[in-house]
Every structure is written in C-alpha cells, then in structure tokens.
Amino acid sequence: MSQATLFYLANLLVYGGVDAIACLGLSMQFGVAGVSNFGYIIFQAAGAYTAAVLSLPPDSANGGFQTYIGGLGLPFPIPWIGAALVGGLVALPFTLLVGRRLTGQVAAIGLLVTAVMANLLVNNFVPLFNGAAGLSVVPAPLHNLLNPQSQGYQWGYGAVAVLIAIAVYFFFRRLTESPYGRSLRAMRDNSPVANALGKDLLSLRTVTLVLGGMAAGLSGGILVGFITLWSPGAWGYAETIVLFAAVIIGGTGNHKGAILGAILVPLGFEEASRFLPAIGAPGLIAALQWVAIGILIVAFLWFRPQGIIPEQRRRIFAKARAGRSPSDPASPRPPRGSPPDRSGSGSGPALATAGVVVSFGGLRAVDGVAISLERSRLTGLIGPNGAGKSTLLSALAGTTPVSKGQILYQGKDITHEPAYRRARGGLVRTFQLASEFKRLTVIENLLSAVPGQRGDTFRGALRGRRFWGKEEALAIDQAEALMEKFGLIDHADTYAGNLSGGQRRLVEIMRALMARPQLLLLDEPMAGIHPTLARQIGRSLQELCAKGMTILLVEHELAFMDEFCDPVIVMAEGRILAQGTMTELRGQAEVVEAYLVG
Amino acid sequence: MLSFHRRPDSEPTVAGEARMRRPVLGRRLSVGAVALALAVSAAATSGAIALTAPASAASNLVIGDLAPFTGPDAALGGYYDASCLAATTAINKDGGVLGHQLTCQTFDTRGDPADAVPAANQMFATTPNLALVIGCTSDEAASVVPVINAKKMVAFCMTGQSQFDHVHYPYFFRLVPPDLAESYAMVAIAKYHKHYKKIALAFGNDIGSQTFVNPALAAIKKAGLKVASNVTLDLSANTFRTEAETVVQSHPDVILTEALGAADATFLSEVKQLNGGKMIPIIGTSATIDPSWFSSVGAAIGKSTLAKDYVADNLVVATSGPEFTPFNDAMKAVASKVTSDDSGSLETLLSGPGAVHLFDGMNLAALAMIMAKSTDPSVYKADILKIGDGVKGAVVVHSFAQGKAELAKGKAIRYVGPGGPTSFDSYHDSPGILQIDGYKANGAVTVDGSISTAQLRAVS
Amino acid sequence: MSLFIASIGFGIVTAAVLAIAAVGFTVQFGVTDVLNLAYASVMIACAYVAYLINQAGQSVWLALVVAAVAGSVISLVINKYIYAPFQRRGTSATAVVIVSLGILLIIEFTVQAIEGPANVSYTMSQGQTFVIGGLVLTTVQFIIIALSLAFMVALHLMLRYTRFGKAMRATAADRTLARNCGIRTDRVVTLACLITGALCGVAGTVFAINSGSFGATSADLFLVLILAAVFLGGPGQPYGAMLGALVIGLATEVSAVFITSDYKYVSAFVILLVVLAVRPRGLFSAGAIG
C-alpha cells in the first residue's frame, strides 16, 4: 500500500471521527429527545470558527489578507475546548425556538431559517470571520512541536478524533440509559404527556440542545484543526441534510446507529462516490450522488424507518428479575418502601376552583366552573359529549391554560403554574386519548412517572447506575406489584405501542399511580376495558382513596359511578349542573333531562 | 508575517499493508434498501480495488483536475478538463512524455474547502501515477495547496488569492495574475482607456470575487476617480433589482463586476432593464472570459450588447501566430468532446485563462519532465522554472512537439505558449502582462488594447 | 427617496412571485398536512419544462401553461405515491418533512444531472420599461403582478363560493370530520394537489422569468423565502401567505436600500423569527383555511 493511500486512510479516520461526533450530537437531539434541529450545522460552524480564531494570531499579524475577530494565538487544546463550549453556548438562544412555544414543524422550520440566515450573515459580514473567503492558514494543533503533514501526525490526529468520538459515545449512552434519558425519550414520544407527568420540557430541551451543540462544536474544532481552513462554503444547510440522512440510515434513538450512519453516509457514501468511474458530463456523478442520498433517505424511512441498527428494546424487567439472588423469593412481592404518605396535611378540600373559564376563540368550553374536591374521595364527573369535562381536567392539570378564574390546590393558588410543576406537586392526570409512550416498554412507562428520581436529573444521570440503581430497583419492585395487580406482568418488557387499546389504558392508569399522586385526574380510564377488570380497578381506586388519595374520574359508564363514585358532579355546556350521590342525582329532573335520559 | 510554516521535507514513513474493509451493511435490510446498499458497497469495493491494485495503467501518467464540479462554481471543473483534454491529446499524438501517455482525471472539490481536503487525499491515494495537478481555484486553494505541497506534487493553480504572494510553497505554480493586479488593471482600463469618471462595483459574495473589492476601491481613490456605488451580489439570490437600481441611480460610467453562476446574468439584465433598455458599460475580471459566463450573460442581455459594452482585463494571450496555432489546433481537435452547444464556447475557450494558462502549465510540466528525464515532481519542478523563464541562449519554442524536438537535440529551450512569455517570481507566480479583451457576438475573444506598467503603477 | 419608491416597486414584483408560490405551498400544506419542502424543486423542474418548450420556439407564456400542467402532475404523483402512503402508515409529521427533503434532493439533482451546471434563460423580451411616479417596471413585471393578483382573486372566489372550495376548507380543518360529513376527502386532496401543483408550476416559471437566468439549484434560497412567507402568515392560511409574501417581498427589497444589499434576506428572516417568537402560529392564527 502506497504512502499516499495511508495518508488518505488517515484522512478518512479523521473525517470518520468528526462525522461520528457530529452524528452523535444529532442522534442525542433527534433520536433520543425528538428535537428536529434543522439548524444543527450552525453548532459545528460555531465550533470551527471558535477554534480557528482561538488558535490564529491577531489578524494584523498575518499579512493582512484576512480579517477576523479574536486571533488569540492560544495553544492546543484550548481551541478545542473553546469550540465545544461555544457550540453549547450558541445552542442556548435556540431554546427560544424549540422551548415552550414552538414545537414540531414550526420549530424545525424556524431552525432551518436560522441556519440559512447565520450563513448569510457570516458570509456578508466580513470583519467577523473574513466573510466568504473564510479563515485560512489556521494553525494545526501542536504545529510547533510536530509536523502536521507527517504520516504519524495524521494518524495520531485520526486516532485522537476517533477516541473523542468513542468518549462522546459513552457519555451520551450513559445519559440515554439513565432515568434522565428515559425522560428525554418520553418527551420524544409524547411531550404534552411527559409534561403532565412532571417533566420540565424546556429544561430537557435546553440540555439536549446544549449537549448536541457541544458535540457539534467539538467536531467543528477538530475538523478545522485538520483542514486548517473554514468558510461559509463548508456549512451550507445541505450538510445538515447529510447528517440527518446518516442518523436515519444508521438508526435513531441508538448511538451505535449514529456512528454507523456517520461511517456509511458522510464518510462512506460521499467518499465512495469519488471512486466511481467518470461517466457522462463532468459533474454528472456528483449530481447523481445527491440524487442517491435523496433516494436513500426516502427508501430508509419507508422500508426501514428504524435504521440499520434499530433502537434496542430495553429489557429492564427481565434483567432485574435475572439479577435477583435465587434465595430471594420471586414475585409477587410487596413493594419495599411503600410510597411516602403524601395524602397531604391540613384540612380543607384537595382542590377548589372558582369561576374557571376556558375559551377557544369565541367558544367557552368551560364556563365559570366552581368545584371543590373532598380529600380521600373518589369523585365522579359525568356529562354529555362536549360538556367540557376533558377541558376542565386539562385546565386543572395545567395542560390547557385557563382564561379566567382561580384554581386552588391544597389551599395554594396554582392557576398559573405550568403542568410539570403541578405534577411534581402531586396533581397527576391521564388523557382521554391513548397517551402511552409508544417506544418505551410498559415498565419504562411506569418508571418514567416516578417523581424525584435521583437519576432523573442531568447530574444524577452522569453519576451513573451506582448512584441511582438502588432507587431504581425499588421503583421496579413497585412497578412489578402494580403490573401484577393489573395483569400486565407478562408484558413488562413489551413496547407500550404494541399493546391492545385496553391494555394501553391500564398502562396509563398504572403510570399515573406510579407518579404517587395526591390528586389523580382520570379521563375515561375504563374505555375499552373489560367490565370485570374495570370493577377490579374501581375497587383498587377506592382502596387508594381510603389510604388518602383524592381522585376525580370522568366516565360514561353510569354503573361504575353508581358503584364507586361519591359524590358525582354533573356537567353540561361548560357549567356544573348538579352534584350529589347518583341516587340523589337520579331524583333531579334537570339532570335526568340533560344527561341521564337525553 | 505568517506564523504558520509547513515543513515540506517530511520523512516518508514505511507504508504497510492495509485492507480496505467493506462497509458493514446488515443482511437484514428489506428489499428496496438492498439494491441501494449494494450500490454503495459496490462503489466501496471498486474503491478497494483501486486502492490495492493501482498499477494496471502504469504506462499512463495522470493529470489531476482538482476543481469544483458541483456547487455554484461547478462550471469551472469541466472548463479545465477541456483544456486538459486538448493538451494531453496533443502531447500523446507526439509520442507522450518519456514513453508515457498522459490522461486526465477529474476530482470534485464541490467548491467546499472541507470537501476539498479528502478529495485531494483521495486523488493521491488512488492515482499512483499522478504527475501533475491543475485547477485548485480560490474555492479550495487555501485548504488543498498545503496538502499538495506536502505530497510534493506540482500544481498549476487558478487562484489569485494574495496569501500565495506571502507563503512559499515550492510545488505551487500559477500563471494567472494575482487579484490585486487585476483590480488595478480594471481601474487602469477605466481611467486611461475609456476615460470613465464614476465607477460602480458589483461583485459576487463568494471567495473568488470579493477579493477584488478592497484593492479596486483603493485604486479608484488613487486614480482620482469616484465610486458611484458598490453592491455585493448574493450568489444564491434570484433577483438583484434593488442592487441594480442602486447602481443605475448612481449614474456610473462603468460597472466593474465579477459574479459567477447565474448572478451576473440576472444582475446585468436588470441593470439594462432599469436603465431604460440601455446597457451601462462593463469591465469584467479575467474570470469573466469564460464560456459559461459568456453564454449565460449573453443569453440574458443579448450577445451583441455584451459584445458592444463589455471589456475585461486579461493576461496577454496570443490569438494568432506561432504561439496560438498549436493551441488552436489542439482545442479544435477535441472540440466535439468539450463543447456541447453552438454558444461560442470554443471561441471563448481559446482566450479564457482557464484554458490558456493551464494549457501552458501542462506543456511546461511535460517539457520539464523530458528535460529532467524524470516524471518525479521533485525532480522536474526546477526545470519548469528554467523552461518557463528561459536561460541564456535558449531556443524559443511554441509547442510541446517543438520543445521535445529541441530537447532531443540537446538544446536549452524557453517555452512561450498562447499565454505569452512567463516570468516566475520567488513564489512561482508569473504575474504576466495584462491587456484589454472583449467579446465578439459569437463568443470569440478580441484584444482591445494593452495596459502599460506605468498605468498600473499609477493606480496601485 | 426615488430609490426607496423604486424598491417598493421591486418588492411588489418579488412579492407577486412569492405570493403565487407561497399560497400554493400553504394550501397544499393545509389540505395534505405535508410540509412539502420539495416544492421548490418542483418549481425548478417546471421552469425547466417551460425552458424546453421555449427553446422549441414557443412563447414563454405558452410554456407557462405547460409548466402548470407539469406542476400538477408532479405534485399529484409525489403526494399520492410518496407522502400519502407515509401518512397512512402513521409516520410522524417531522419524518415526512425529512422525506420531502429527500425528494427535494432527488428532483433538484436529477434536473442538474440532465441539464448540467450551466444557467439558462428564456428567449423573451422584457417589454417596455415604464416609469410611474418613481416606480420602474417593465411590461413583463406588470404581467407578473397581474397574474399573481388574478390567481389570488380566483383562489379567494373558489375557497369562498364554490362547493369544492368549501370542501377543501373543511378537509383542511379536520379531515376525519370532513369525511364523516360526507365529503369525499380523497378527491378533495387529489384536486387540491392538482391546483396547488399548477400554482407551483406557474410560480417556478414566473420565478425563472423574473430572475432572468436560472439553474437547477437556483430556488434553494427562494424555498426559505417561501417558508418565511408561509409561516409569517400562519401555515395553512392562504390569506396569511399573501400577506406574508408581501411583507417578505417588501422587506427584502426595501431593506436593501436602507441597510445594504448584503443583508436583505437576513432582514426578512429576522422579521419571521420575531413574529414566530411573539405569535408562534403566525399573523393569521385562528382557524384553518379561509
């Protein structure tokens, strides 16, 4: 093998490392947290420019053929560290775009526009980074000690890039496989539900963006040290498409897939096409290469949306079971460390509202509702379709903002508290529509709801399983008891998205219970559940109330109300019509007219 | 002062055996993806073959055309390839170099400095019989020249960037004027030849074009002329009406411009439109002497208008006589392969710097190989200087065939091709003598006058 | 001052082109629920079809009609055979956006592979230049503005007063509900694709006429302008897109006078980002189409 070939291979190693780091960052954002960051390339560019101006001498010192800010002439590895930090810092303002207000497609487009805009700005504002010409003759790391064009240096550089990529891989994996990572994946699968379970979406997205930004920034810093030049031509928004293609083809939600994608697409595919024989007009092959990337994206999303290496199903329960010593009695076991008594001290109602109005445009879905929920009671809420029951529940939980009125929870005004804070305070809801986290297993769904887990913070996650593992084991025991009770123990490690409709409702109820609520809002939990099981659940709920939990339950099945709920609130056209036991209600003509008969 | 020095004399390390591994593609792919995956792995496999069994065509020497084939400057790569085809065909017809035939191979930098580095490394890896590199435009020169230089490969580059006036790369050669000189030349044309007073500037926002702006502004000031307006054309934009109106309303006598891709075509047609259908005279850079520039601008404002209202600075190039004939014959011989339309591409090629100077560069390198009796760049590079600048008593030759014959007789030679006589400075730049060129309506390039050194000095 | 007035004229021309494109885009989005980023590449493909017709010696205005047909066909095919199957399978909206990016690459670079990297122009006359109170416009530009206004009015009449227009609005608001109300939503989607596809074809050709010179990748930045106009007005809102196109068109050209031309697109994007930050659903945020 010729020396030139070795040089080329060393070159591939560097690019492989750089692409892998960039893809890992994107995999964290897109694959794990579900943030579609079409402006991702900005972070890489920011890192590259930072590393360049940190290592370049002041611009007056190099012949005056380029102008730029900074020019600090700092030694390696400061430029790389700076690249990572600035990549992360640049991500901060992005949280405005994908934070609370903008989600999904709108955020994606906002980010795309930002990427194009940033490129135009840097291109046209010459004093910043020398405009279109970009920054050249950037000193390579350690250039004064080693010869950057030597074989050894190039392989060394490649080795360092690959080692960093591996380190980034383990870092992200540690995070992803922790309870914190579970929260990220829950947000990816269904963000409003994650929010209702106490996940602070803004904080989760910020951390994801910053971490991905740091990875991308670092990749840019490493790249610029190698090619010694960086210009707007190197970070057009097409580069982001290539990285997305890599993550999709390699496999999302799974960092091995990101690495494979980096090897296959930016590295393998773009490089492989260089070896195709030149046919047709000059540039034909290059154009066809882009066509092929387009075809690959579409084909993979159709034939293998999970990518070549799919996200691994995490068999938490099977592992936990296998990990128990044989002398330990097998399940069922009573939960160790029963949930802390959070029935709340003090007297007065668990929740009270005054004059709550929720309007959509001109329509008042909830129109001046005042209710009061007695502690430790299983209160029913009935009413005809469109009465505003679900909207009221949403307003109580904070999913839907209140237009007017006040909500007091345990005597505290929570009218303007975000949903996740209410959830953390013990006010937990379920949803009328299926809202399980589809690509989390049943037990993961349950575990995701456990409040205040040690591993469910960024720092806690980084401290590793040793830090949070014991607590998690307890939570698994609790989840096991619940699954046993609800008959889903055999599906513990099944994806929730693969269950039947009724089973999914159960998952949702169990998940809400795992959140250790003091006040539980259940929105038609029995829909699609076998009546026998429904009654069993009803009894369990009653038991929970007896232990101090307060429950508000929306249900159409009056028999269930008769048997379990007292009192029952009747709603119609956004207002409270009546309240009382079912027997009392049956005696009220207007209730019967509005609902029981009609 | 540059703080960054390359060490070109690195010790070669021992090359070990390594095998290119096929990409890890699972067999669990579903049907549709399998075909694509096969295409990818097939490509990788062919790469592996090229990497491990490169000696199949050992008797051929390769000239690598390392330039953009995609991106906004995509037209450049193909343009240089045409010149390469002409030069190599002529050389091969004459028996080649030291028993080797020459072939051209293209390497796409995508006009992106980050993509250019692997393109260059791949070129070296897969082309063991690479003898010369041409191309390397301003889009990628800054990132690939250090790589090419470290690999000890001679390159004739099409960049006017001024950092190459400051940093010494022993294997770097250029026969095109530095951007600075071109800026001065354009202003000199405006002042001394056309007697314009108010000058508008309209340059593209890419690397190659922006380098002209500041020197041109300084030269205009020095020359005592007025800047009427100065607009930057965003190459990705699709209209420039406000820019055009700004220029029109500033009532310039002339517009200095270089904006490649569709930009100049769009911009100039809008200027014409907004100026009541009357074109404002244009002075272009030598890069606007280019078949694709001519055809797109010609189509947009009319070829006869372009012929009437346009001049450009260009290096003195021969358009007749003994320097021109061999070049003309060589281009005509491959005309059917290098031009696809009747838009005057061939006529433009005959004066375009990309064709002329690279043609000269390739002839210089080929003759230097014969003189040095070696195809090793580190050996023959010194002879490029000798043949280009000429030594005392050297016979002046105008074609490869002539030069080869004289060398065979044991004579010293000086090559003077269509691009005129060369004189290399210590950075291997041959700044050349600038003149004024224009277009005929068929795309043929005309010489409209010459620019004296005194005139250049007066504005620089 | 006169430059300012002239730039308003140019802004209106830009807005006219942008409006045709943005309205087609936004209605397509409203009815199909696909944020079709491949739209810009379909525009260019249609502009090339028009170029071929024009090169064959036909008038560019005839070519425009052919391009409209081509746009309809391509849009329908893409939607019916690519986006709709993905949606039926339950692929997430964001993933479908990524699919559309793939389609964008496929179409754009297929055009480039066929046509090469060179730029082309239509053979046509820009007509007389008129100077009216500081506005400088050519006959062709007047035609473009008139064409754009005609399309806007026609679309308005269709949405408001025809059965099909109402069915389309209903489908955009809630496809399931519309189907339950007896609207044949599949047919509505098909027809909407044909109509918006035709708008896309017209937009591509008008874009190319307006540019004077174009190539396979010329519409890349224009796509971002379309998105800016669409999201400024609120996605799915045809009237919003019209307003958005006007704002973006004027902002780009007028800011080129006051700041410098380097930042004309930057200023348009800043407006969009500010609007997104204040009113995430755009200026016309209530309700669906109409």
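The exercises below, each with a solution, concern a predicted model.

**Exercise 1. Determine how confidence is spread over chain B.**

Step 1. Begin with the chain average: the mean pLDDT of chain B is 81, and 85% of its residues reach 70 or more.
Step 2. Look at the elements. Helix H1 (residues 31-52) of chain B has the lowest mean pLDDT, 38, whereas E8(B) has the highest, 95.
Step 3. Turn to the start of the chain. Over residues 1-58 of chain B, pLDDT stays under 50, and the model has 89 contacts beyond four places in sequence for this stretch.

**Exercise 2. Describe the seven-stranded sheet of chain B and the helix H5 that packs on it.**

Step 1. Write down the strand order: E7-E6-E8-E9-E10-E13-E14 of chain B, an open sheet with mixed pairing.
Step 2. Find the edges. Strand E7 (226-233) and strand E14 (445-450) of chain B each pair on one side only.
Step 3. Add the twist: neighbouring strands are turned by 25 degrees against each other on average, direction ignored.
Step 4. Examine one pair. Strands E8 (residues 254-258) and E9 (residues 282-284) of chain B run parallel and are joined by three bridges. In one of these strands, E9(B), Ile283(B) is the bridge partner of Leu256(B).
Step 5. Place the helix. Helix H5 (residues 179-193) of chain B touches several strands of the sheet, including E6, E8 and E9, and its direction makes about 135 degrees with that of E10(B).

**Exercise 3. Cys136(B) and Lys373(B) have positive phi without being glycine. Decide for each whether it is buried or exposed.**

Step 1. Locate Cys136(B), whose phi is about 35 degrees: it is in strand E3 (residues 130-137) of chain B.
Step 2. Count its surroundings. Cys136(B) has 28 other C-beta atoms within 10 Å; the cut-off for buried is 20 or more, so Cys136(B) is buried.
Step 3. Locate Lys373(B), with phi near 55 degrees: it is in the loop between helix H15 (353-372) and helix H16 (377-389) of chain B.
Step 4. Count again. Lys373(B) has 12 other C-beta atoms within 10 Å; exposed requires 12 or fewer, so Lys373(B) is exposed.

**Exercise 4. Place the cis peptide bonds before Pro77(A) and Pro567(A).**

Step 1. The bond from Phe76(A) to Pro77(A) is cis, with omega near 5 degrees. Pro77(A) is in the loop between helix H2 (41-55) and helix H3 (78-98) of chain A.
Step 2. Asp566(A) and Pro567(A) are joined by a cis peptide bond with omega about 0 degrees. Pro567(A) lies in the loop between helix H21 (558-564) and strand E10 (568-572) of chain A.

Terms used
Residues are numbered from 1 along each chain as its sequence is written. Chains are lettered from A and ligands numbered from 1 in the order in which they are written. This is a predicted model: local features need pLDDT of at least 70, side-chain atom pairs count only at pLDDT 80 or more; totals for chains, interfaces and linings use all residues. Two strands pair if DSSP finds at least two bridges between them. Helices (H or I, at least four residues) and strands (E, at least two) are DSSP runs, numbered from the N terminus. Axes are lines fitted to C-alpha atoms, for helices over the stretch in contact, and angles run from 0 to 180 degrees between N-to-C directions. Two residues are in contact if their C-beta atoms, placed from the backbone, lie within 7 Å. pLDDT is the predictor's confidence in each residue, from 0 to 100.
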